[in-house]
Amino acid sequence: MAKSTSFQLLSWLLICSVSTVVASKLSHEHETKAVDDYLPSYYPQPHKNLLNVIDSCWRLNHDWSSNRKALADCAIGFGSNAIGGKYGDIYVVTDPSDDPANPEPGTLRYGVIQSEPLWIIFKRDMVLTLKNELMVNSHKTIDGRGAKVEISNGPCITLDYVTNVIIHGISIHDCKPGKKGMVRSSPEHVGERLGSDGDAISVFGSLNVWIDHCYLARATDGLLDVIHASTAVTISNNYFTEHDKVMLLGHNDQYTADRSMKVTVVFNHFGRELVQRMPRVRYGYAHVANNYYDQWLMYAIGGSADPTIFSEGNYFIAPDKAYNKEVTKRETEEKGWKSWKWRSSKDVFLNGAYFNPSGYGSIAPKYTRGQSFIVAQGSLTPSLTSDAGPLQCVVNEPC
């Protein structure tokens, strides 16, 4: 009788143990399924980060901090000839203060206005609130690697008829309009500015510009304007979020000099809470390639005045609202837009997104050998853009 009771007790304990394990497993499977069900079916699945062609050029080098200028050889697209301050000295920003008319040595403004080429880096983490727009002179690199650098809550960056500028690895956000006042643009010249519009970065009449791995959000006007016949520009690896008018390429419909504009927009992440202009193009040529679009409130890519737009290998996730699924928007009431060259190739369209093409004839970017790169299929874009924005680089380690 004792043996029978013991056997029954042992059997009961075994059954309870098995039931607990099975219940736990079923519960875990249910929780996992619930998490998967929460995500839309078009949401990209977990993926391995892939270094895109720009990042693979320099990020694997553990001695990047002692060989910073190698970055200047890594640009692709129309802005690939932007050398910044490659042939100049290293200038270290040690002071976050600002004096627009008479900047002190050690400040960012003092470095960017100099006439000679300079590669500008930062001694430590800094938040810079500028008192007026920052006028960047030719042959300058602003390199935020190795520090957390923010320009915020004041006027931001202006490139005004300059050449060979690289802006890399900084955050630019909450930009305000500049005030009317005296602003120095070189050691020899200080003049009255009438006040900037409040763009995060304004590229005005400039040539050979590369903007890479920056964070741009919340500005009074646009996040990034390329206007007044600026050309040879590459905008890459940036993270855009929380803004209405994101990127304007071309001044206005009457400024025909923008026909010469050529811009490459590649490997960027257009995040949530963006409304429109990713980009909006007038007259010129825009190659928009391998960018990640995480919804939009109005449209993603638009334009007017007969621009040429080649959308290639992008990853478009449309918003849930049925009337905002179209990627494209023509800002015109004329019927002539049907001859504008707007094409899509290798793009991925999810959640009902669609691209309305137009025009005929070749639309290839006609890059030189030094500018050209292979555009990946859109399915790879989430991986290629996964490190968009400023990188957390550590000295003596691959970035």
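Tutor: A pocket is an open set of points on a 1 Å grid over the protein atoms alone, where a 1.4 Å probe fits and protein lies on both sides within 12 Å along at least five of seven lines; lining residues have an atom within 4 Å of a point. Points are joined across faces, edges and corners, and a volume is the space filled by probe spheres set on them. The model is predicted, with pLDDT of at least 70 required for local features and 80 or more for side-chain atom pairs, while totals for chains, interfaces and linings use all residues. Numbering starts from 1 along each chain as its sequence is written, and side-chain values use heavy atoms, without hydrogens or water.

Student: How much space lies in the largest pocket?

Tutor: The lining of the largest pocket consists of 21 residues. Arg193, Ser196, Asp197, Ser202 and Phe204 are the ones nearest its centre. The space in this pocket is about 390 Å³.

Student: Which strand gives the largest share of that lining?

Tutor: Strands (E, at least two residues) are DSSP runs, as are helices (H or I, at least four), and they are numbered from the N terminus. Two or more lining residues of the largest pocket come from each of E7 (157–160), E11 (190–193), E12 (201–204) and E15 (224–227). The largest share is three residues, and it comes from E7.

Student: What is the volume of the second largest pocket?

Tutor: Thirteen residues line the second largest pocket, and those nearest its centre are Ala147, Lys148, Pro390, Leu391 and Gln392. Strands E6 (149–152) and E9 (171–175) each give two or more residues to this lining. Its volume is about 210 Å³.

Student: Where does E7 belong, and which residue of E12 stands opposite Ile157?

Tutor: E7 is part of an open sheet of eight strands in the order E4-E7-E12-E15-E19-E23-E26-E29, with parallel pairing. Strands count as paired if DSSP finds at least two bridges between them. E7 and E12 share four bridges in the parallel sense. Opposite Ile157 in E12 is Ile201.

Student: Which strands stand at the edges of the eight-stranded sheet?

Tutor: The order of this open sheet runs from E4 to E29. Each edge strand has a single partner strand, so one side of each is left without a neighbour in the sheet. The edge strands are E4 (134–135) and E29 (328–330).

Student: Why is E16 described as largely enclosed, and how many of its residues are buried?

Tutor: Buried means under 20% relative accessible area, exposed over 50%, and partly exposed in between (1.4 Å probe, protein chains only). Strand E16 covers residues 231–236, and it is largely enclosed by the rest of the structure because its buried residues number six of six.

Student: What are the partner residues of Val233 and Ser236 in the strands that pair with E16?

Tutor: Strand E13 (residues 207–212) runs parallel to E16 and is joined to it by five bridges. E16 is also joined to E20 by four bridges, again in parallel. Val233 faces Val209, and Ser236 faces Val266.

Student: In E24, which residue is the bridge partner of Val265, and which is the partner of Thr308?

Tutor: Strand E24 (residues 285–289) pairs in the parallel sense with E20 (residues 262–266) over five bridges. E24 also pairs in parallel with E27 (residues 308–312) over five bridges. The partner of Val265 is Val288, and that of Thr308 in E27 is Tyr285.

Student: Which residues of E24 point the other way from Tyr285, His287 and Ala289?

Tutor: E24 is mostly covered, with five of its five residues buried. Both faces of the strand are therefore buried: Tyr285, His287 and Ala289 point one way, and the opposite direction is taken by Ala286 and Val288.

Student: What is the relative accessibility of His287?

Tutor: His287 sits in strand E24. Beyond four places in sequence, it has contacts (heavy atoms within 4.5 Å) with residues including Phe78, Val263, Phe310, Tyr367 and Val375. His287 counts as buried because its relative accessibility is 1%.

Student: Which peptide bond is cis?

Tutor: Most residues other than glycine have a negative phi, and most peptide bonds are trans. Pro279 lies in the loop between E22 (274–276) and E23 (280–282). With omega near 5 degrees, the cis bond is the one from Met278 to Pro279.

Student: What is the phi of Arg277, and what is that of Tyr283?

Tutor: Arg277 is in the loop between E22 and E23 and is buried at 17% relative accessibility. Tyr283 is in the loop between E23 and E24 and is buried at 12%. Neither is a glycine, yet phi is positive: for Arg277 near 65 degrees, and for Tyr283 about 65 degrees.
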